[in-house]
Amino acid sequence: MKSLFFVFCFIFASLLVHGQIRSKDTLKLIDAESKKPIANAILITKHHQVYQSNLDGDLLFGKKFKDSLTIKAAFYQDVNCLYQKQDTIFLKPSSSPKILGNKEKNKLDSLILKASLLKFKSRVVERTKIDPQNDSLIFDLRKSSEYKKYKGSTDQVIIDQIDINGFDQIDYNVIRQNIVSYNLFQNKINFLKDKIYSALGSTRYRAYQFYTLHQDERQTILFYKSRQSRYAWQGLIFINNKTDAIENYTMSFDAEYQLYFMSTFESFNQFPLSQELYIRPGYGGEKLSFFGGTIKLGEIQQSSFTDQPQAYLSHLRVYDDISDLDETTDNTIVQTKFYSGKPKEINLWQNIAYEFMTEAPKSGEYVSDYVSNNNLSSRLRRRNAFKRGFFPINFADVDLKRLVKLNNYEGFRFGLGFQTNSRFSDRFRLGTYVAYGTKDASFKHGFSGGALLNKETNTWLNVDYAQDINEVGTNKYMTDQRAYSLFEPRLVNITYFYKYKTVGLDIQHNFSPKIMTELRFERSEIEQTRPYQFESSDGILKDYKLSTAKFGLRWTPNSTHLSIDDRVFLQSENSPTISAQVEQSFSDVFKSDLNFTKVSAKFDYIYQHINNHTSELNLEGNIGFGDLPITHAFHALPNSPNKEKIVNRFSVAGVKSFETMYFNEFFSSRQATLHFKHYFPSYRINRFMAPQLVLISRHAVGDFSDQFKHQEIEFNTIDKVYNEAAVEVNNVLFGFGLSLAYRYGAYHLPTFEDNVSFKFTFYLKL
């Protein structure tokens with residue numbers, strides 16, 4: 001009975017707001033001056049029935065009213081009238097409505113707190129349709145799942161049935177898509193690819209201004225709108241004064257695209273009943289699609305104006321069989337879980353007494369033909385692999401990072417690398433590569449193999465061998481996620497490398513989905529590429545052997561994950577990210593020559609401001625002691641070619657490098673670096689031009705113990721603070737932009753242009 005009551009309440013609430021499904025009568029609200037439709041207005045009848053206008057300014061209802069009606073809209077004069085079929089009412093602008101006072105804010109805060117702290121579990125059934133009108137290519141996604149909400153913003157979703165019209169198999173990247181957030185009380189909720197501040201979240205008063213639109217003994221209706229004039233987010237919150245509960249929450253957006261969202265809540269326990277979402281094209285300029293890319297299926301609007309028919313997204317999620325969550329439930333490690341499969345329980349859909357849910361999917365033949373003829377499943381797999389720098393060919397992926405590179409030691413480096421994928425095996429992987437440098441006229445090569453020991457903890461045992469070169473002073477974190485870029489800016493100008501032959505054995509293990517670790521044992525032979533000798537405890541060495549053990553850890557406390565068949569995948573990585581690594585070289589182990597220790601840690605944090613500005617902070621510290629050769633010391637990622645004229649130093653700016661610091665200018669056995677970037681909102685001109693201003697401040701400090709031990713080489717230390725300020729204008733055209741940086745402070749050089757770096761930037765979203 002409780003379930004049926006919830007469904008009845010949901011249908012009733014839906015009829016109030018979206019009567020277009022069954023209604024025939026319409027009252028249209030228009031701004032008397034701009035002639036634009038007015039959304040988020042309310043109509044109140046003599047019997048206290050309330051209706052809300054949609055994005056078209058339409059008030060929709062299913063019967064005629066003979067009594068007087070009151071129409072209220074924020075920033076407009078109230079209107080009292082009698083209803084006449086097909087009436088259009090013009091509302092005149094007025095002064096601002098009553099801003100929410102402290103007493104009203106305290107009440108709203110208490111209601112939100114009460115609802116946000118609920119712990120419950122529910123059977124959830126949802127459906128998403130993207131209909132391009134005048135076209136048979138209808139995207140139709142159905143899911144059923146069990147949802148558990150814990151205190152705070154933690155939740156768990158176990159999807160036991162999922163189906164997309166036209167697909168025989170469900171891809172992982174389809175499963176990970178979340179049309180709209182389940183939990184509306186977290187700080188941000190997502191609609192497709194966008195994350196929007198929630199008016200029910202902790203930053204609601206910073207993001208939105210609240211007003212009292214209507215209040216009587218039965219109900220209070222609040223209107224809110226974004227405090228930033230350039231953002232068109234607004235909506236209503238309906239509060240039941242008798243039960244002291246939030247009944248409805250709506251959000252709307254009318255800009256690049258048009259969106260209307262409504263969530264209904266049960267008035268006694270504050271359990272959610274339903275969530276409805278409607279999206280349609282706005283005035284363009286932004287790609288909006290379920291799959292993204294050039295895939296037509298699931299596309300709402302393109303990134304430029306075309307004559308293609310418009311598409312409309314309709315999404316409905318219904319919560320059923322809701323009950324309290326057991327207090328003893330262990331939620332210390334909660335992750336989103338998905339198990340894919342076709343919907344089998346036909347009655348599950350028929351029991352939801354709502355036409356949108358119960359109607360059978362339209363014939364999937366046309367969609368199936370499109371999926372088959374366009375090889376859509378393979379295209380999706382290739383596109384997702386390409387983002388990581390791979391191109392799938394049957395059971396192996398081509399490593400795009402190894403194809404072509406350029407640096408001052410090898411000249412052009414041509415290579416080819418392969419790595420097996422899941423089509424080869426889910427439990428074993430093999431990889432190999434070969435490369436050739438045109439300047440040093442030598443081949444490099446390597447191979448690797450791995451075995452999956454535990455799916456749930458993503459535990460891999462790997463072995464590898466490589467004969468290659470590496471940059472002197474570089475410090476790579478084993479647990480860093482693989483990054484791919486069409487350009488590797490610093491690589492072009494690097495001049496100082498060392499050769500190595502390495503055999504390695506490592507174990508990767510996740511103690512939890514948020515804690516990634518790796519333990520590696522390595523035996524290396526190091527050979528110099530230029531004159532250098534190191535005075536160790538046992539004598540002077542030019543080339544040397546190392547036996548090392550490394551342990552790395554990466555913690556992403558706010559990340560979300562999903563599990564498919566007991567395999568855990570990263571769904572969304574949110575700030576901060578904390579990494580740490582320790583490396584120990586043992587002398588006299590497998591004839592190793594040196595004994596030293598290296599410890600590194602870094603903290604990466606991205607903060608999204610209310611006004612859509614973004615601040616990024618990167619803090620890193622490194623220390624080494626013992627017999628530490630220059631090859632394994634630290635540099636601060638310099639990126640300025642060693643050339644006199646500024647025009648000759650024109651190249652590509654890096655992502656986290658010092659643009660005015662010359663290559664091989666500084667080395668350290670202990671150092672700390674700080675990078676701060678502030679991104680202003682981009683100004684979109686068209687699909688090819690969206691310039692964005694970025695202000696940057698970089699700082700480094702360090703020292704080198706026993707610098708005299710490093711012979712036949714000269715370098716400086718940064719025992720005073722190195723300072724650099726920069727400004728970038730990115731994405732001016734086709735992803736290209738400009739960067740201007742200036743060196744100041746203790747290491748300012750006498751000649752002005754030696755302190756200046758002028759380069760271009762390249763940021764391309766793949």
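**Strand pairing and nonpolar cores**

In this predicted model, strand β1 (residues 25-31) and strand β7 run parallel, with 4 bridges joining them. One spot where the two strands meet is easy to pick out: Lys28 sits opposite Thr88 in β7.

Strand β7 itself covers residues 88-91, and its side chains take turns pointing to either face. Ile89 and Leu91 go to one face and are buried, while Thr88 and Phe90 go to the other and are not. That fits the usual picture, since side chains in a regular strand alternate between the two faces of the sheet. Thr88, the residue across from Lys28, is thus on the face of β7 whose side chains are not buried.

Further along the chain, 3 strands make up an open sheet, lined up in the order β34-β33-β45 with antiparallel pairing. At the edges are β34 (539-541) and β45 (710-711), each of which pairs on one side only. Between β33 (residues 533-536) and β34, the antiparallel pairing runs over 3 bridges, and here Ser536 stands opposite Gly539 in β34.

Now for the nonpolar cores. The largest one has 69 residues, and those with the most contacts inside it are Phe191, Tyr208, Tyr249, Met251 and Leu297. Take Phe191: leaving aside neighbours within four places in sequence, it is in contact with Ile179, Val180, Ile196, Trp233, Met251, Leu259, Phe261 and Leu277. Met251, then, turns up both as a contact of Phe191 and among the residues with the most contacts inside the core. A second core, separate from this one, has 21 residues, including Tyr433, Tyr532, Leu594 and Phe596.

Key. Residues numbered from 1 in each chain as written. Predicted model: local features only at pLDDT ≥ 70, side-chain atom pairs only at ≥ 80, totals over all residues. Heavy atoms only, no water. Core = buried A, V, L, I, M, F, W, Y, C linked by side-chain atoms within 4.5 Å. Buried < 20%, exposed > 50% of the residue type's maximum accessible area, 1.4 Å probe, protein only. Contact = heavy atoms within 4.5 Å. Pairing = 2+ DSSP bridges.
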